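Colleague: Could you take me through one helix packing in this model up close, and then follow it into the interior? I'd like to know who touches whom.

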Amino acid sequence: MGDLFIIKIGGETINSKETLKTCLKAIANSGKKVILVHGGGKKVTDLAQKLFIPQQMVEGRRITSGETLELCTMVYAGLINKNIVAGLSAQKLMAIGLSGADLNCVVSKKRDASVINYGFVGDVVKVDDVVFENFIAGNIIPVVNSISISEEGDLLNTNADVMAAEIAKAMSAKYKTHLIYCFERSGVLQDITDENSVIPVISKADFKQMKETKQIADGMIPKLQTAFRALYHGVEEARILKSDALEQYFNNENPGTNISLH
């Protein structure tokens, strides 16, 4: 079984040309098989302000109105996606930009609105591993944005961390899959104010305890929950690291925080 790296990059990586370039260069130099997944929420928030489209967040998750969905589709599936594909081309790599709607590769279901109405938000129900396998076999890097499609053909905004985890789970039957979350911090920190206080390994028990003591809070909780779920479903490795530490990671230097079931 070969190794496959599902790498998720977020707003902080995408917003800095230099960080993005460092990230893509590390991927190119590694020679590894990669699927790149991205969001880009910061860009959507900035643009929404300019266009006077109100934004609402609940526990770090965006409520997606019809207007916001249009914005997300333009930004994620258009601007950001093509910038990343172009950046990989500059590193002499073949890449293709995909949303879940392309080749129906990531199908989702509109989130139930009975508790909180998130609007046009989708939860992944199916990943077509054959689509990804065909690209990987042809040495093409799929660059997947976080717009998915419902069975009725509606576009839906999907959390990029979850999208990456679901793709990693789907590919784990054919590959040893590694789920790597690139982040603006050096990993999960013991002390949020100290970048050097990276926790090298977090187990399920550690996570439970750190949640109770509020040491882990906000957006980090769903990120870690998603990573644990992926490990339960056959993903080989889940890790959170700083975007510019990818090269160290590929050199087996173990940067960031390894998420472990044990």
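Modeller: Sure, let's start where α3 passes α4 in a right-handed crossing (the near helix is turned clockwise from the far one by less than a right angle; anticlockwise would be left-handed). Bear in mind that this is a predicted model, where local features need pLDDT of at least 70 and side-chain atom pairs 80 or more, while totals for chains, interfaces and linings use all residues. Residues are numbered from 1 along each chain as its sequence is written, and side-chain values use heavy atoms, leaving out hydrogens and water.

The axes of α3 (residues 41-50) and α4 (residues 66-90) come within 10 Å and cross at roughly 125°; axes are lines fitted to C-alpha atoms over the stretch in contact, with angles from 0 to 180 degrees between N-to-C directions. That makes α3 oblique to α4 (not under 35 degrees, over 145 or 65 to 115). Helices are DSSP runs of H or I, at least four residues, and strands are E runs of at least two, numbered from the N terminus.

On the α3 side, Gly41, Lys43, Val44, Leu47 and Ala48 make the contact, and α4 answers with Leu71, Cys72, Val75, Tyr76, Leu79 and Ile80; contact means heavy atoms within 4.5 Å. By type, that's 9 nonpolar residues, 1 polar and 1 charged (Ala, Val, Leu, Ile, Met, Phe, Trp, Tyr, Cys and Pro are nonpolar; Asp, Glu, Lys and Arg charged; the others, Gly among them, polar).

Now for the interior. The largest nonpolar core has 41 residues, and those with the most contacts inside it are Ile6, Ile35, Phe132, Ile167, Leu179 and Ile216. Such a core joins buried Ala, Val, Leu, Ile, Met, Phe, Trp, Tyr and Cys through side-chain atoms within 4.5 Å. Helix α8 (residues 220-232) gives the most to this core, 7 residues. Apart from that core lies another, of 31 residues, with Phe5, Ile84, Ile180 and Leu241 among them.

Val188 sits in the loop between β11 (176-183) and β12 (201-202), yet Val188 is buried at 3% relative accessible area (buried is under 20%, exposed over 50%, partly exposed in between, with a 1.4 Å probe on protein chains only). Val188 and Ile216 are 28 residues apart in sequence but 8.2 Å apart C-alpha to C-alpha. Beyond four places in sequence, the contacts of Val188 include Ile216, Met220, Leu224 and Thr257.

Thr257 also turns up with Arg239, whose partners more than four places away include Leu179, Ile180 and Thr257. Arg239 lies in strand β13 (residues 237-242) and counts as buried, at 5% relative accessibility.
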